[in-house]
Amino acid sequence: MLGWRRLLLTLSISMLLGLLNTVPSTSPTSIVVGRALLVGLFAMLVFGLFEQWPARLPNWMARWALQLLGVVVAIPLGALLAYWLTTGGHPQFAANPARLTGFGILTFTGVLVAPWIALGAMVRQREAFARSQALAFDFERSELERQALDARMRLLQAQVQPHFLFNTLANVQALVDAGSPQAAKVLASLIAYLRAAVPRLHEPVTTLGQELQLVRAYLELMHLRMPDRLQFTWNVDAAALDLRCPPMTLLTLVENAVRHGIDPSEEGGRIEIQVQLKDCRCQVRVSDTGIGLQQTGNGPGTGLSTLRERLQLTFGGDAQLRLSSLEPHGVCAELEFPAQPSPK
């Protein structure tokens, strides 16, 4: 109601009208200008009052119409109040025709100008309200989109969890069925690994360093199952260990190489893991000398499909996952995403 911009506009226009009214008036300039200021302030207060009161209006009445009507009625009332204050409570219009003429001029100019100013103020209010509503809607939409992405990420991670567990347990079952003396040792290693790995499935992001710990445990576990058919090496840039990535990212690539490449091959094979930083990008390369893409016949599988979606959700499309064949046989999975440090 008493915003400084509104108050400044009211005083400026009232002073301008007061100065214009001094031309036909015989009263002192200060008195004429003072009366115009009083009328302007009174109209402004009435405009602000009907802006907030009553809180609820009948359906047949619009608030803007009430404000305009209030301003039109406030002008003659404000002029009467101004003359009453400046004449000591005795306007005596009947005995002073010049004063009555001044009252009429002040009322006429006020009624002529004030509604247009009120309309302009209401238009600005509508524009400001529309902008604030648009900002509120944008914020709400972005918040809903964020919640949807979080829910989608949790769903994808929930899909990875049984996929990985079932694959690993199937490997252990095959070892037990074969009567291998390594079964108890492998099962103990699996339990220790799952105790460390499963809680991280529910985390929104992890680091490459944590991923490498899981990968090492997984490869050691798989090496116990097939010691003569699985070898692995890695070359990791130390500066990449604190970079963030979705949980199970590197592990999904390695597990896919073991399951679809090394395990089906009679000769087994070798897995090489390379992680390096280049031009503010993290480049991950997991290659194997297994049976290769063309011989699997079942595509990338659930693990790689959900990994692509999780990368999309985490990095907003600024990540790439490529699969290619190696000669004479094998598969290379190359992953590239922004080098973003994990929040502490």
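1. Second largest pocket. In this predicted model, the second largest pocket holds about 310 Å³ of space. Its lining is made up of 17 residues, and those closest to the centre are Ser25, Ser27, Tyr83, Ala98 and Gly102. Helices H2, H3 and H4 each supply at least two residues of this lining. The most come from H4, which gives 6 residues.

2. Character of that lining. Sorted by class, the second largest pocket is lined by 9 polar, 6 nonpolar and 2 charged residues. Tyr83 and Ala98, both among the residues closest to the centre, count as nonpolar because Tyr and Ala are placed in that class.

3. Largest pocket. The largest pocket encloses about 640 Å³ of space. It is lined by 26 residues, of which Arg6, Leu9, Thr10, Ile117 and Ala121 are the closest to its centre. Four elements give two or more residues to the lining: helix H1 (4-21), helix H2 (29-52), helix H3 (63-86) and helix H4 (97-177). H4 gives the most here, with 10 residues. H4 likewise gives the most to the lining of the second largest pocket.

4. Character of the larger lining. The classes in the lining of the largest pocket are 16 nonpolar, 7 polar and 3 charged residues. Which residues lie closest to the centre of this pocket? They are Arg6, Leu9, Thr10, Ile117 and Ala121, and Arg6 returns in the next point as a partner in a salt bridge.

5. Arg6 and Glu51. Side chains of opposite charge can pair when their charged atoms come close. The model has 5 salt bridges by the rule used. One of them joins the side chains of Arg6 and Glu51, at 3.1 Å from N to O. Arg6 belongs to helix H1 and Glu51 to helix H2, so this pair ties together parts that are 45 residues apart in sequence. Arg6 has a relative accessible area of 21%, which makes it partly exposed. The cut-off for buried is under 20%, so Arg6 is not counted as buried.

6. Arg229 and Asp263. A salt bridge also joins the side chains of Arg229 and Asp263, with an N to O distance of 3.3 Å. This pair links distant parts of the chain, 34 residues apart: Arg229 is in the loop between helix H6 (208-225) and strand E2 (230-236), and Asp263 is in the loop between helix H7 (249-262) and strand E4 (269-278). Are the two partners buried or partly exposed? Arg229 is partly exposed at 22% relative accessible area, and Asp263 is partly exposed at 23%.

7. Glu272, Arg270 and a network. The side chains of Glu272 and Arg270 meet in a salt bridge at 3.8 Å, N to O. Glu272 is partly exposed, with 32% relative accessibility, and Arg270 is partly exposed as well, with 35%. Elsewhere, Arg281, Asp318 and Glu336 are linked in a network of salt bridges.

8. Helix H7. How many residues of H7 are buried? The helix is mostly covered, with 13 of its 14 residues buried. Its length can be checked against its residue count: at 1.5 Å a residue, 14 residues should span 20 Å, and the end C-alpha atoms are 19 Å apart, which agrees. Asp263, the salt-bridge partner of Arg229, sits in the loop between H7 and strand E4.

Key
Residues numbered from 1 in each chain as written. Predicted model: local features only at pLDDT ≥ 70, side-chain atom pairs only at ≥ 80, totals over all residues. Heavy atoms only, no water. 1 Å grid on protein atoms, 1.4 Å probe; cavity = no way out; pocket = protein on both sides within 12 Å on 5 of 7 lines; lining within 4 Å. Points joined across faces, edges and corners; volume = space filled by probe spheres on them. Salt bridge = Lys/Arg side-chain N within 4 Å of Asp/Glu carboxyl O. Buried < 20%, exposed > 50% of the residue type's maximum accessible area, 1.4 Å probe, protein only. Expected span 1.5 Å × (residues − 1).
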